[in-house]
Amino acid sequence: MPTDSIWSYAPGLDHARGADLTGYTVVASDGTAGHVDRQAGHHGMPHLVVDTGVWVFGRSLLVPVGVITSVDTAGRKLTVSCTRAELKAAPRFRTDSETMDLVYLTAVGHYYSELPREERPAG
């Protein structure tokens with residue numbers, strides 16, 4: 001996946017663009033990963049900050065919107081195209097200032113764009 005597309009919603013998820021996803025449950029391909037604590041989009045790189053709760057000892061994760069594969073507005077959950085281990089192995093998110101740090105965001109984008117992906121359904 002090209003790095004620039006990791007920062008864009010997948011085709012068919014236009015309803016999620018601009019929506020408030022705060023509080024939504026984040027489901028990885030192998031189980032629940034946490035919930036959306038907040039959203040940001042600095043430098044044209046929209047992403048979610050996911051609170052993992054006790055799963056990763058209270059650690060938060062930064063997840064680009066390009067890894068979202070589906071959004072269930074009625075059930076308030078979204079699914080991402082990676083595993084919990086892949087989420088946990090992403091560049092470590094430490095402070096809110098990193099959501100504005102272009103170097104950090106670029107590293108995150110590169111990490112997620114290099115993960116193997118199943119083809120997403122079009123539309």
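**Aromatic pairs, a hairpin and a buried histidine**

A search through the whole structure, which is a predicted model, turns up 2 aromatic pairs. A pair like this is described by how far apart the ring centres are and by the angle between the planes. For F93 and Y104, the centres sit 6.4 Å apart and the planes meet at 45 degrees, so this pair is tilted. F93 belongs to the loop between α1 (84-88) and α2 (102-114), while Y104 is in helix α2, so the pair ties together parts that are 11 residues apart in sequence. Both partners are tucked away: F93 has 6% relative accessibility and counts as buried, and Y104 is buried too, with a relative accessible area of 8%. In the other pair, Y111 and Y112, the ring centres are 5.2 Å apart and the planes stand at 80 degrees; that angle is over 60, so the pair is edge-to-face. Y111 and Y112 are likewise buried.

Stepping back to the fold, the protein chain has 2 helices and 6 strands. Read from the N terminus, the order is β-β-β-β-β-β-α-α. The chain counts 123 residues, of which 41% are buried. About 6,200 Å² of the protein chain is exposed, and carbon and sulfur atoms supply 55% of that area. As for how the chain folds back on itself, take the contacts between residues at least 6 apart in sequence: 57% of them join residues at least 24 apart.

Next comes the β5–β6 hairpin. Strand β5 (residues 68-72) and strand β6 (residues 77-80) run antiparallel and are joined by 4 bridges. D72 stands opposite K77 in β6. Between the two strands of the hairpin lie 4 residues, and one of the turn residues, R76, has a positive phi of about 50 degrees.

Finally, there is H47, which is found in strand β3 (residues 47-51). With a relative accessibility of just 1%, H47 falls under the 20% cut-off and therefore counts as buried. The H47 side chain reaches the backbone oxygen of M45 at 2.6 Å. What else does H47 contact, leaving aside its neighbours within four places in sequence? The list includes a run of residues from R38 through Q39, A40 and G41 to H42. L62, V63, P64 and V65 are also in contact with H47. W7, T99 and L105 complete the set of H47 contacts. Of these partners, L105 lies within the span of helix α2 (102-114).

Definitions and conventions. Residues numbered from 1 in each chain as written. Predicted model: local features only at pLDDT ≥ 70, side-chain atom pairs only at ≥ 80, totals over all residues. Heavy atoms only, no water. Buried < 20%, exposed > 50% of the residue type's maximum accessible area, 1.4 Å probe, protein only. Contact = heavy atoms within 4.5 Å. Areas by Shrake-Rupley, 256 points an atom, 1.4 Å probe, with all protein chains shown as cover. Phe/Tyr/Trp six-rings, centres within 6.5 Å; stacked < 30°, edge-to-face > 60°. Pairing = 2+ DSSP bridges. Polar contact = N/O pair within 3.5 Å; in protein donor to acceptor, adjacent residues only side chain to side chain.
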